[in-house]
Amino acid sequence: MWLYLAALVGLYYLLRWYRERQVVSNLRDKYVFITGCDSGFGNQLARQLDLRGLRVLATCLTEKGAEQLRDRTSDRLETVILDVTKTESIAAATQWVKERVGDRGLWGLVNNAGVVHSPAYSEWLNMETYVNVLKVNLLGVIEVTLSMLPLVRKAQGRIVNVSSILGRIAFFGGVYCSSKYGVEAFSDVLRRELQHFGVKISMVEPGFFSTGMTNVQESLEKLKQTWEEVPTHIKESYGQKLFDAYYNQIKQGLLGASTNLNLVTDCMEHALTSVHPRTRYSSGWDAQFFFIPLSYLPTSLADYILTRSWPKPAQVV
């Protein structure tokens, strides 16, 4: 019996491998619009797709980032400045894309732009921080997608939304997790709504990677600053001892982040170029072999595994 089961599992993965290796034709004629290309995954993906011959339309938040990207790519790649929190900036970028793609439409939209802010406890953050993160990570994704959707629909193309493993199982950084859970929900609904238009939507869920967003020094400085701004009565509840222990845990986590960004960008490329892209891509060994399996466990067991080493607050019941 077990031999037959193993054979069926092996056959399933063989068939999936065969389907997924089929590549879309005429890639050199297809345009892909990528947000957040100043650094990190977006920058890496823009260069990767440019090398493959696709027509990359890359957005950056700064002119410096755009110039540095153009210096490292071919003349095919074009850049535009985009702030995903501003409607007028999104509208201008959409018009810019229309002028380039013409009647063929936009083959690929990659919503990659995102921010982390501070990996602090939820109660330590003010509402301004919540709003700012949600504006970029969730509302920005939604507005850019809706603005570009007619162009993607015309090409019967692809939408790739960068979520996070923290959009599958949330255990720290409450505002960041909330934004990524929102991206997951938006992507799921949109995929079902657009299935008859020939538009395919994929989510990429990276584990912990070393990018500009997770710069060790900047992240730790933001965490310290957040703690310093926490009201006194909240500080007294948690205690300095908890903060110090939590600070060290975050530091170790950041230092252990993977530097191989290709584990993520290869998933993005596959979602854009495969005839049969996946709905979800879990990128990184930590995501595939720890967090995804953990997400299927009973909640109480997952809670215990994730929090058993957390420091205890000063004022406990």
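Here are some short questions and answers on salt bridges, burial and one helix pair in this predicted model. Residues are numbered from 1 along each chain as its sequence is written, and side-chain values use heavy atoms, with hydrogens and water left out. Because the model is predicted, local features need pLDDT of at least 70 and side-chain atom pairs count only at pLDDT 80 or more, while totals for chains, interfaces and linings use all residues.

Q: Why is the pair Glu269 and Arg52 called a salt bridge?
A: A salt bridge needs a side-chain nitrogen of Lys or Arg within 4 Å of a carboxyl oxygen of Asp or Glu. The closest N and O atoms of Glu269 and Arg52 are 2.4 Å apart, so the pair fits the rule. Glu269 sits in helix H10 (residues 262-273) and Arg52 in helix H2 (residues 40-52), so the bridge ties together parts 217 residues apart in sequence. Helices here are DSSP runs of H or I with at least four residues, strands are runs of E with at least two, and both are numbered from the N terminus.

Q: How many salt bridges does this rule give?
A: The count is 11. Another one of them joins Asp83 to Lys86, with the closest N and O atoms 3.9 Å apart.

Q: What makes Glu269 buried or exposed?
A: Buried means under 20% relative accessible area, exposed means over 50%, and partly exposed is in between (1.4 Å probe, protein chains only). Glu269 has 12%, so it's buried. Its partner Arg52 has 31%, so Arg52 is partly exposed.

Q: What does the Glu184 and Arg280 pair link?
A: Their closest N and O atoms are 3.0 Å apart, in a salt bridge. The pair links distant parts of the chain, with Glu184 in helix H6 (residues 174-193) and Arg280 in strand S7 (residues 280-283), 96 residues apart. At 5%, Glu184 is buried, whereas Arg280 is partly exposed at 28%. Salt bridges with shared partners join Arg168, Glu184, Asp188, Arg191, Glu205 and Arg280 into one network.

Q: Why is H7 called roughly antiparallel to H9?
A: The axes of H7 (residues 216-228) and H9 (residues 240-255) come within 10 Å and cross at roughly 160°. Angles under 35 degrees count as roughly parallel, over 145 as roughly antiparallel, 65 to 115 as roughly perpendicular and the rest as oblique. That makes H7 roughly antiparallel to H9.

Note on methods
Axes fitted to C-alpha atoms, helices over the stretch in contact; angles between N-to-C directions.
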